[in-house]
Amino acid sequence: MKYFLLAALIPLTLFLGAQDKETKTVQKYPKVKAGKKLKISRKLLKDGSYYNAASYLEDVYKDKPNKIDVPHLLGESNRFMRDYEAAEKYYKLVIEKDPEAYVNDNFYLGQMQKMNGRYEDAKKSFNAYMAIKLDKRDDNLKALAQAEIEGCDSALVWMKNTTKIKVVRTEGAVNSPLQDYSPKPFANNRVLFSSQQTDTAVDLFANKANYESAIYMAEKAGASYSNKTKLPSPPNADEKNVLNAIMSGDEKTLIYTMCQDSSLLSNWGRCKLYRTTKKDALNWNEPEELTALNNPEGTSTQAAFGVDAESNNILYFVSDRKGTKGGLDIFYAKMNSDGTFGEVVNAGDEVNTAGDDITPSYDMKNKVLYFATSGRPTMGGLDIYKVSGTPGKWGVATNMGVPVNSQADDLYFALDEKGNKGFMVSNRVGTSSSRGTTCCDDIWSVNVKPDVTLKAIYVKRGDATNTPVSGVDASMYKSTGNNFEFVNSTKTTNVPFYFALNRNTAYKVNGNLEGYWPSIDNLTVAEEEERDTIEQTFFLDPIIKIHIKIPNVYFAFDKSNVIDFYKGQIDSVVRVMNEHPGYSVEIQGHTDNKGTDEYNEKLSQRRSNEVKTFLIKKKKIAEGRIVAKWFGEKMPAVPNELPNGEDDPEGRARNRRVEFKIIVDKAEDGVEFESVGEVVKQVKTGPGFTGKKKK
């Protein structure tokens, strides 16, 4: 397909930035009749001057709107200029008048609708084309139409499932209003690329400006590229299109494409591969033509270094030579140590199609071939695909999806040695364009974002050995404001655990283990995160019990009043209650075993209530925070008798008591209370003991 051939191989010299020059061209025959203008426009189309042709045709269309040739030619010229909206408009006019007058316009209408994102309309147009009976004058594009229909269906899926690859227009000196393409990343933030050399109007027969393509190098400074330097001659050459260069790792060998004098438009696409070596720091030796790879009757271009299954160095390139599957195919040949090449071999059906398969680039690290194609399901025109393996041992080619591919043409995908950064070329919306929004190719920067994984351990805080703690219940949640969405959980062992992460996402990671405070950590993965593994150490803080001594209150025999001697001891309870407003206290009354059960029950009740009243009235503790309970003689602290069965007055004195139980907010608050208190020795049976027996 000529459209893809021109877009992929060399710059389209049809873009005009200087309207004054163009105006003179368009007004060259201002008074000629419509028929003469139509004849001129046909000649301009044949010569490749699409902008000028469209200008004449628009005048003709005003005079002869019913002449079907005119919207057809306007559709063609705008398609070649990649003005998809205008091309769709004129192709639709043709189909509405007579769908069989220009049969292929049904196909191209669908293609333009597809590249404008109108996928359902495009499917109808492609199906209409599939239903038309072709004759030998028509191009048989039905195989491509079927792939285009599949592309329409696939595009809707790809747009809903964008990949983790980031694509942004490259800032700085590499892009111009015309064509910029064939970027190759180099060390020290440099890029080797091709560009059309002038921004002035292009008139192939009158304008002598130097508009040919040449090879450049630029380097990144901050966020943009500067120091754009044109390579010397050779490899660049006057009045030649020099482009699609690749350079060896040591930067001493350059393989590139040179096309015949670009003013001879009939020979566009007659391109050949050349090789030159470094002469000194600034200059290159005279180039040699790679005759073993070039096609005398057609074109050879777009070289790329690669390896075969035996790790031999090979050279990929694009050609329309004999043996192609369609328009342009990817071929390869072994690179011998003496500089010669082995047999030229087609890359195979896993790569090449009935359409154009172009711009190969091979990722040596990951053994992946990237290429652009029009013969497989695509989002728009050319889409970038990838296939793993080596020649003869390919996997399945897959579309790179959104945002690598768009509704426009996407090609020249190339990564650096690490396989995670690089460039591509696209005429998608956002390019610096001199006509419409999609006329011209720009270089776009690519960041292949690998999956991000959290590799983590829990460590006891203060452990200098960083020994992983086993048995931690680790859970991860996506965090959006106050909302948390569970992601994953695991129980840790003595080795790190792993969680998959998404970019531009905030997480909360919780770790729980008995004996430790809950570990709650926040983790945010930035969109620009370059690491594929984030290693993290989470710390666990042991729960250290706070010992609070709560003395018991002892009572004289058969008494319930709080003995003055113990009022000061109760202050320890008051202090805890005041320091922890959320705590409550349970007062438990007890007696010794003298007396009946019923009597002792009531006596223990009076003792509990006496202390409760004291806390409320004297110590100002809120009543709602105090619970009084009584147990009589049922829960002795010590035996009431000696081991020989005799009465033990001192043991009974210990059992005539009130104990305090502090009720905390949360069990994990880590407060451990200790009930203590001694019977005053000099009194033997406790303060206030009367020595009288209970009746």
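Is Gly381 buried or exposed, and what is its relative accessible area? Gly381 is buried, with a relative accessible area of 1%; buried means under 20% relative accessible area, exposed over 50%, and partly exposed in between, with a 1.4 Å probe and protein chains only. The residue sits in the loop between β15 (368–373) and β16 (383–388). Gly381 and Met115 are 266 residues apart in sequence, yet their C-alpha atoms are 6.5 Å apart in space.

The model is a predicted one, in which local features need pLDDT of at least 70 and side-chain atom pairs count only at pLDDT 80 or more, while totals for chains, interfaces and linings use all residues. Residues are numbered from 1 along each chain as its sequence is written, and side-chain values use heavy atoms, with hydrogens and water left out.

**Overall composition**

The secondary structure comes to 13 helices and 33 strands. Helices (H or I, at least four residues) and strands (E, at least two) are DSSP runs, numbered from the N terminus. Of the 695 residues in the protein, 51% are buried. The exposed surface is about 32300 Å², and carbon and sulfur atoms supply 48% of it; accessible areas come from the Shrake-Rupley method with a 1.4 Å probe, and for residues only the protein chains shown count as cover. Among contacts (heavy atoms within 4.5 Å) with a separation of 6 or more, residues 24 or more positions apart account for 58%.

**Helices α4 and α7**

The expected span of a helix is 1.5 Å times one less than its number of residues. The table sets this value beside the distance between the end C-alpha atoms.

| Helix | Residues | Length | Expected span | End C-alpha distance |
|---|---|---|---|---|
| α4 | 50–63 | 14 residues | 20 Å | 20 Å |
| α7 | 104–115 | 12 residues | 16 Å | 17 Å |

In α4, the end-to-end distance agrees with the expected span. The buried residues of α4 are Tyr50, Tyr51, Asn52, Ala53, Ala54, Ser55, Tyr56, Leu57 and Val60.

The distance for α7 also agrees with its expected span. In α7, 12 of the 12 residues are buried, so the helix is largely enclosed by the rest of the structure. Polar and charged names appear in that buried set, including Asn104, Asp105, Gln111 and Lys114. Also in the set are Phe107 and Met115. Just after α7, Gly117 takes a positive phi of about 80°.

**Nonpolar cores**

A nonpolar core is a set of buried Ala, Val, Leu, Ile, Met, Phe, Trp, Tyr and Cys residues joined through side-chain atoms within 4.5 Å. The largest one has 61 residues, and those with the most contacts inside it are Phe107, Tyr316, Val351, Leu369 and Phe371. Helix α9 (residues 142–160) gives the largest share of this core, 6 residues. Apart from this core lies another, of 19 residues, among them Tyr458, Val472, Met476 and Phe499.

Leaving aside residues up to four places away in sequence, Leu369 touches Tyr316, Val351, Pro360, Ser361, Tyr362, Tyr385, Lys386, Val387 and Trp394.

**Strand pairing**

Two strands pair if DSSP finds at least two bridges between them. An open sheet of 4 strands has the order β10-β11-β12-β13, with antiparallel pairing. Its edges are β10 (300–307) and β13 (345–346), each with a single partner strand, so one side of each is left without a neighbour in the sheet. Strand β11 (residues 313–319) and strand β12 (residues 329–334) run antiparallel and are joined by 6 bridges. Phe317 stands opposite Phe331 in β12.

A parallel pair is formed by strand β30 (residues 584–589) and strand β31 (residues 626–630), over 5 bridges. Gly589 has Trp630 in β31 as its bridge partner. With helix α12 (residues 597–618), β30 and β31 make a right-handed β-α-β unit. A crossover is right-handed if, with the strands pointing away from the viewer, the path from the first strand over the helix to the second runs clockwise.

**Backbone exceptions**

Most residues other than glycine have a negative phi, and most peptide bonds are trans. Asn244 has a positive phi of about 50° although it is not a glycine. This residue lies in strand β6 and is buried, with a relative accessible area of 1%. Asn504, not a glycine either, has a positive phi of about 55°. Asn504 is found in the loop between β24 (497–501) and β25 (505–512), and at 59% relative accessibility it counts as exposed.

The peptide bond from Ser233 to Pro234 is cis, with omega near -10°. Pro234 is placed in the loop between β5 (224–230) and β6 (241–247). A cis peptide bond also joins Val402 and Pro403, with omega about 15°. Pro403 is in the loop between β17 (398–399) and β18 (410–415).
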